[in-house]
Amino acid sequence: MLSSRYLHLHEALGLGPMWLKQSAKVLPAQAATAAPSSPAPAAAPADKPVATRASADARLSAMAAVNTARSVSDGIEASAQRPSEKSLPTPADAEPSTQPAPTVAPVITADIQPARVMVVSICPALEDSAAGQLFSGDAGVLLDNMLAAINLKPTDAHKTAWVKTAAVFTPTPSAEQIADALPQLQAELAAAQAQSVLFLGQIFEQPHHADIIRGLCGNTPHFIIPHPARLLRQPQLKRNAWTELKKLKQILSG
């Protein structure tokens, strides 16, 4: 015969179920050894494992701990994350800038000096807008060298842009922008008293701009060559540009 306290001790130590013979008898534990606050549980049937309330509570506590751990990401609860650890807004969510891009100041015709040729680009380049001056970089150096090759000094050319004050830089202004700027260009050409107009950029070669170019130049001869910035990127185009510049030289010489 065995005392039931040995069954409980065996279970608490994790030694697995104790199997007894069907003829074995289990005696209740002595009152002196039983816990005063809770009576000893009844013995389990001999053919089933013996379980205690303490072990069941332990298993429930362990399961609850596992479920709690699953609700936490990276060891930090979402509500406890610092602001720097939370997701930042993407660039698309950022508020767009409303400040316009810098532009080259409009030309005042009273300040225009007489020139032999008026040189026209479609709009200021980004570096020109930053510097506040047309042809301020390497493209300007190349332009001066090309003009010098046909015996023109920098002061012999009035350099301007067709669309000067576009809010955002674009190499292809709209037809409305080009038409709106025509009176300003006509006033500049009259003030410069130029004998010819040199257009820089392939946009001036497009057929739908032919009428507005005639509206500017009238009977004044005009020529079109690639923009110096493009010539720097594609030197093979310089041959055709030189052909047009020689025609301009003949006009100025005549």
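Helix 5 bends by about 40 degrees at leucine 182, and a proline, proline 183, follows within four residues. The model is predicted. The chain contains 8 helices and 6 strands, and a single cavity of 30 Å³ or more turns up in a search of the whole structure. The points below start with helix 5 and then turn to the chain, the empty spaces and two buried residues.

**Helix 5**

- Helix 5 covers residues 175-192, which makes 18 residues; at 1.5 Å a residue the expected span is 26 Å, and the end C-alpha atoms are 25 Å apart, so the two values agree.
- Buried positions in helix 5 are Ile178, Ala181, Leu182, Leu185, Glu188, Leu189 and Ala192.
- Leucine 182, where the helix bends, is therefore among the buried residues, since buried means under 20% relative accessible area.
- The buried residues of helix 5 pack against three strands, namely strand 3 (117-121), strand 4 (157-161) and strand 5 (196-200), and also against helix 6 (210-217).
- Glutamine 193, just after helix 5, has a positive phi of about 55 degrees.

**The chain as a whole**

- Starting at the N terminus, the order of elements is β-α-β-α-β-α-α-β-α-β-α-β-α-α.
- The chain has 254 residues, and 30% of them are buried.
- Taking contacts between residues at least 6 apart in sequence, 77% join residues at least 24 apart.

**The largest cavity**

- Rolling a probe the size of a water molecule over the atoms shows where empty space is left.
- The largest cavity has a volume of about 50 Å³.
- Its lining consists of Ile122, Trp162, Ile178, Ile203, Phe204, His209, Ile212 and Ile213.
- Sorted by class, the lining of the largest cavity holds 7 nonpolar residues, 1 polar residue and no charged residues.
- Ile178 appears in this lining and is also one of the buried residues of helix 5.

**The largest pocket**

- The largest pocket holds about 470 Å³ of space.
- It is lined by 23 residues, and those closest to its centre are Ile122, Pro171, His227, Ala229 and Arg233.
- At least two lining residues come from each of helix 3 (126-131) and helix 7 (228-233).
- Helix 7 contributes the most to the lining of the largest pocket, with 3 residues.
- The lining of the largest pocket is made up of 12 nonpolar, 7 polar and 4 charged residues.

**Isoleucine 122**

- Isoleucine 122 sits in the loop between strand 3 and helix 3.
- Its relative accessibility is 10%, which is why isoleucine 122 counts as buried.
- Isoleucine 122 lines the largest cavity and is one of the residues closest to the centre of the largest pocket.
- Tryptophan 162 is 40 residues away from isoleucine 122 in sequence, yet their C-alpha atoms are 4.9 Å apart in space.
- Apart from neighbours within four places in sequence, isoleucine 122 is in contact with Ala161, Trp162, Val163, Pro171, Pro173, Ile178, Leu200, Ile203 and Phe204.
- Among these contacts, Trp162, Ile178, Ile203 and Phe204 also line the largest cavity.

**Aspartate 156**

- Aspartate 156 is located in the loop between helix 4 (138-149) and strand 4.
- With a relative accessible area of 11%, aspartate 156 is buried.
- Residues up to four places away in sequence aside, aspartate 156 touches Ala115, Arg116, Val117 and Asn151.

Methods
Residues are numbered from 1 along each chain as its sequence is written. This is a predicted model: local features need pLDDT of at least 70, side-chain atom pairs count only at pLDDT 80 or more; totals for chains, interfaces and linings use all residues. Side-chain values use heavy atoms; hydrogens and water are left out. The expected span of a helix is 1.5 Å times one less than its number of residues. The bend at a residue is the angle between axes fitted to the seven residues ending there and the seven starting there. Buried means under 20% relative accessible area, exposed over 50%, partly exposed in between (1.4 Å probe, protein chains only). Contact means heavy atoms within 4.5 Å. On a 1 Å grid over the protein atoms alone, a cavity is a set of points where a 1.4 Å probe fits but cannot get out, and a pocket is an open set with protein on both sides within 12 Å along at least five of seven lines; lining residues have an atom within 4 Å of a point. Grid points are joined across faces, edges and corners, and a volume is the space filled by probe spheres set on the points. Ala, Val, Leu, Ile, Met, Phe, Trp, Tyr, Cys and Pro count as nonpolar, Asp, Glu, Lys and Arg as charged, and the others, Gly among them, as polar.
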